[in-house]
Amino acid sequence: FFRLLHICIKEMDPQQQQQQQQQHLQARRASASVRIAPISSVKSAEARSNVQYSVGEGECCDEDIAQVLENNQRWVSRMTAGDHTYFASRSAVHKPKYLYIGCSDARAPADLMMGLQPGDLFVHRNIANQVVSTDCNCGSVIEYATNHLKVKHIVVCGHYGCGGIKYALK
């Protein structure tokens with residue numbers, strides 16, 4: 001039900017790109033994990049144009065992401081320790097009462113702030129929790145939440161010190 005993807009970004013020549021695209025298609029069919037590495041290691045604009053996602057199982061290219069993947073495995077174990085149907089029951093039906101529109105800021109976890117469990121809240125996040133009539137993504141989320149999920153409440157939540165707002169006001 002919940003699966004972390006790990007994407008590794010690295011510089012490659014056109015032949016490597018073609019091979020990686022083939023691997024990517026095969027991996028998607030096989031639901032393989034993906035690895036991640038910082039794009040900052042790709043210096044020039046020309047090199048950045050040759051950046052491709054590397055897909056596959058294997059060693060993590062970063063200790064931090066290895067820790068995140070390990071933390072995910074521990075979380076899955078904790079969630080299923082007391083209830084072996086935890087994920088199956090949440091994947092069977094998704095009927096949240098609330099749509100939460102909030103900032104992408106990682107310091108503001110919506111379900112935890114509201115005292116809810118995963119699946120109790122349908123979440124849309126963007127920079128500075130914007131709801132703009134020309135934003136097709138946000139509009140699609142609202143339409144899906146209200147027409148399909150039949151949410152009862154829409155919560156638009158901002159926070160103090162929002163970097164998105166500060167940036168917009170420059």
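Starting at the N terminus, the protein's elements run β-α-α-β-α-α-β-α-β-α-β-α. Count them up and you get seven helices and five strands. Keep in mind that this is a predicted model. The protein has 170 residues, and 26% of them count as buried.

**The sheet**

Let's start with the strands. Three of them make an open sheet with the order 4-3-5 and parallel pairing. Strand 4 and strand 5 (153-157) are the edges, each pairing on one side only. On average, neighbouring strands in this sheet are turned by 15° against each other, direction ignored.

Which strand is mostly covered? That's strand 3, where five of the six residues are buried. Strand 3 spans residues 98-103 and pairs with strand 4 in the parallel sense, over six bridges. To see the register on that side, look at Leu-99, which stands opposite Phe-122 in strand 4. A little further along, Ile-101 has His-124 of strand 4 as its bridge partner.

On the other pairing, strand 3 and strand 5 run parallel and are joined by five bridges. Here Gly-102 has Cys-157 in strand 5 as its bridge partner. Ile-101 also makes a handy marker for how the chain comes back on itself: 53 residues separate Ile-101 from Ile-154 in sequence, yet their C-alpha atoms are 7.5 Å apart in space. As a general point, side chains in a regular strand alternate between the two faces of the sheet.

**A nonpolar patch on the surface**

Ile-154 turns up again at the surface. Together with Val-131 and Val-156, Ile-154 makes a nonpolar patch of about 250 Å². Ile-154 sits in strand 5, while Val-131 comes from the loop between strand 4 (121-126) and helix 6 (136-148). How covered are these two? Ile-154 is partly exposed, because its relative accessibility of 42% falls between the 20% and 50% limits. Val-131 counts as partly exposed too, at 45% relative accessibility.

**One salt bridge**

How many salt bridges does the structure hold? Just one. The side chains of Glu-70 and Arg-74 form it, at 2.9 Å from N to O. Why can these two reach each other? Both belong to helix 3 (residues 63-81), and being four residues apart puts about one helical turn between them. In general, side chains of opposite charge can pair when their charged atoms come close. Glu-70 is partly exposed, with a relative accessible area of 43%. Arg-74 is partly exposed as well, at 39%.

**Cysteines without a disulfide**

The structure holds zero disulfides. Two of its cysteines make a nice contrast in cover. Is Cys-136 buried or exposed? With a relative accessible area of 65%, Cys-136 is exposed. Cys-138, on the other hand, is buried, at 1% relative accessibility.

Here are the accessibility values for several of the residues in this report:

| Residue | Relative accessible area | Class |
|---|---|---|
| Cys-136 | 65% | exposed |
| Val-131 | 45% | partly exposed |
| Glu-70 | 43% | partly exposed |
| Ile-154 | 42% | partly exposed |
| Ser-91 | 42% | partly exposed |
| Arg-74 | 39% | partly exposed |
| Asn-129 | 16% | buried |
| Cys-138 | 1% | buried |

**Backbone oddities in the loops**

If you like checking torsions, two residues deserve a look. Asn-129 has a positive phi of about 40°, although it is not a glycine. Where does Asn-129 lie? Its place is the loop between strand 4 and helix 6, the loop that also holds Val-131. Asn-129 counts as buried because its 16% relative accessibility is under the 20% cut-off.

Lys-150 is the other one: its phi is near 60°, again a positive value in a residue other than glycine. Lys-150 lies in the loop between helix 6 and strand 5.

**A contact from helix 4**

One more pair is worth pointing at. Ser-91 lies in helix 4 (residues 86-92) and is partly exposed, at 42% relative accessibility. The C-alpha atoms of Ser-91 and Gly-119 are separated by 8.7 Å, with the two residues 28 apart along the chain.

Conventions. Residues are numbered from 1 along each chain as its sequence is written. This is a predicted model: local features need pLDDT of at least 70, side-chain atom pairs count only at pLDDT 80 or more; totals for chains, interfaces and linings use all residues. Side-chain values use heavy atoms; hydrogens and water are left out. Patches are made of residues with over 30% relative accessible area and no salt bridge: like charges are joined within 9 Å, nonpolar side chains (Val, Leu, Ile, Met, Phe, Trp, Tyr) within 5 Å. Accessible areas come from the Shrake-Rupley method with a 1.4 Å probe; for residues, only the protein chains shown count as cover. A salt bridge is a side-chain nitrogen of Lys or Arg within 4 Å of a carboxyl oxygen of Asp or Glu. Helices (H or I, at least four residues) and strands (E, at least two) are DSSP runs, numbered from the N terminus. Buried means under 20% relative accessible area, exposed over 50%, partly exposed in between (1.4 Å probe, protein chains only). A disulfide is a pair of cysteine sulfur atoms within 2.5 Å. Two strands pair if DSSP finds at least two bridges between them. Axes are lines fitted to C-alpha atoms, for helices over the stretch in contact, and angles run from 0 to 180 degrees between N-to-C directions.
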